[in-house]
Structure formats: structure tokens, C-alpha cells
Amino acid sequence: MAVRVQTADFDLSTEMAALRAQDARIGAVVSFVGTVRDMNDGASVAAMELEHYPGMTEQALEQIVAQAGERWPLFGALVVHRVGPLAPLDQIVLVACTAAHRGEAFAACEFIIDYLKTDAPFWKKEQTPDGARWVDARVTDDAALAKWTANWADK
């Protein structure tokens with residue numbers, strides 16, 4: 001299980017190869033890559049800047065990944081999250097999970113990204129034609145997170 005917060009871009013192919021390397025138990029690899037859009041909430045976005053608290057952010061991401069590992073039998077998980085200035089089309093985040101079967105890998109990957117969107121200490125500022133604005137959490141992100149709480153309480 002690995003977590004990295006960095007300014008540099010990442011190469012999906014390289015990251016996936018490293019995650020899978022020499023582990024014949026793996027039957028499923030699921031990944032999600034989030035990118036910067038050029039539109040948000042009806043406004044054009046020229047750039048985005050992500051801020052974080054070093055140390056605190058990594059610890060929060062590690063806890064999210066650990067929770068996924070408690071829920072599903074994962075062989076590996078990786079989160080790479082970028083910070084700093086980003087432009088439309090830039091990659092922001094990579095979440096990848098390996099498991100014996102696709103169901104566990106898909107569920108864990110979705111769980112991790114849902115928690116990243118709501119619980120990870122990142123702050124996003126967009127540059128729009130009307131000036132800079134901070135990005136608030138979305139109601140849909142909270143709803144996505146709520147399903148995991150409900151599903152876990154049922155077990």
C-alpha cells in the first residue's frame with residue numbers, strides 16, 4: 001500500500017506496472033485517474049491550484065487506504081495525488097487497487113476515491129473569467145460517501 005503527494009505528473013503505465021510487479025496472485029487491477037476539467041459549475045476554468053498540509057495530508061490518505069484494506073482483501077493499493085498549479089487536461093489523482101477478483105478491486109478503488117473527495121485535506125482554487133474561487137464540496141460527493149457508511153453498518 002502506497003501513498004504519494006507530489007507536484008510532478010505521474011505515468012499511468014509505469015505506476016500500474018510497479019503495482020502489479022511479480023505478484024501472480026493478482027487477478028484484477030482497477031484504476032481511476034482524475035483530470036482537470038476546463039469547466040466547473042457553469043464557468044470556464046483556466047487553471048486550478050491544489051493546496052495541502054504536508055504530513056497531515058499523507059496521514060489522512062494512508063488512513064483511507066488502510067480502511068479499504070480492512071474492508072476488502074487487497075494485495076495492493078496506490079494513491080498518487082498532485083498538488084500545486086494544474087491546467088485543464090492535467091492528471092490530478094491516481095487510485096489503483098489490486099485483488100484476486102474484480103469486485104473487491106472495483107469496490108476498494110471507488111471507496112478510496114469517494115473518501116478522497118470528501119475527507120482528504122486538499123483545498124482547490126480555480127481560476128475563472130470572474131477571478132479565483134475556492135471549490136466547495138459537492139452534495140453528490142457526500143452522497144457517494146454516505147453509501148459506504150450505510151453499507152458498512154449493515155455488515
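These are my notebook entries on the nonpolar cores, one buried threonine and the aromatic pairs of this structure, which is a predicted model.

**Entry 1: the largest core**

I began with the largest nonpolar core, which holds 35 residues, and I looked up the members that touch the most others: they are Leu 61, Trp 72, Leu 74, Val 79, Val 95, Ile 112 and Leu 116. I then listed the elements that give two or more residues to this core, and found the strands β1 (2-6), β2 (28-35), β5 (47-52), β6 (74-82) and β8 (91-99) together with the helices α2 (56-71), α3 (102-119) and α4 (139-153). Helix α3 gives the most, with nine residues.

I followed Ile 112 further and, leaving aside residues up to four places away in sequence, noted that Ile 112 touches Ile 64, Val 65, Ala 68, Ala 77, Val 79, Val 95 and Cys 97. I also recorded a second core, separate from this one, which has seven residues, among them Phe 10, Leu 19, Leu 78 and Val 80. As background I wrote down that nonpolar side chains tend to be buried together in soluble globular proteins.

**Entry 2: Thr 57**

Is Thr 57 buried or exposed? I located Thr 57 in helix α2, and its relative accessibility is 0%, so Thr 57 counts as buried, the cut-off being under 20%. When I set aside residues up to four places away in sequence, the contacts of Thr 57 were Val 5, His 52, Pro 121 and Phe 122.

**Entry 3: aromatic pairs**

How many aromatic pairs are there? I found a count of five, and I looked up two of these pairs in detail.

For Tyr 53 and Trp 123, the ring centres lie 5.2 Å apart and the planes stand at 75°, so I entered this pair as edge-to-face. The two residues are 70 apart in the chain and the pair links distant parts of it, with Tyr 53 in the loop between β5 and α2 and Trp 123 in strand β9 (residues 122-128). Trp 123 has a relative accessible area of 35%, so I noted this residue as partly exposed.

For Phe 111 and Tyr 115, I noted 4.5 Å centre to centre and 35° between the planes, and the pair is tilted. Both residues belong to helix α3, and because they are four residues apart there, about one helical turn separates them. Phe 111, at 0% relative accessibility, counts as buried, and Tyr 115, at 9%, also counts as buried.

Last, I checked which residues join in a cluster, and found that Phe 111 and Tyr 115 form one aromatic cluster with Trp 72 and Trp 148. Trp 72 had already appeared in my first entry, among the core residues that touch the most other members.

How values were computed:
Residues are numbered from 1 along each chain as its sequence is written. This is a predicted model: local features need pLDDT of at least 70, side-chain atom pairs count only at pLDDT 80 or more; totals for chains, interfaces and linings use all residues. Side-chain values use heavy atoms; hydrogens and water are left out. A nonpolar core is a set of buried Ala, Val, Leu, Ile, Met, Phe, Trp, Tyr and Cys residues joined through side-chain atoms within 4.5 Å. Buried means under 20% relative accessible area, exposed over 50%, partly exposed in between (1.4 Å probe, protein chains only). Contact means heavy atoms within 4.5 Å. Rings of Phe, Tyr and Trp (its six-membered ring) pair if their centres lie within 6.5 Å; planes under 30 degrees apart count as stacked, over 60 as edge-to-face and the rest as tilted.
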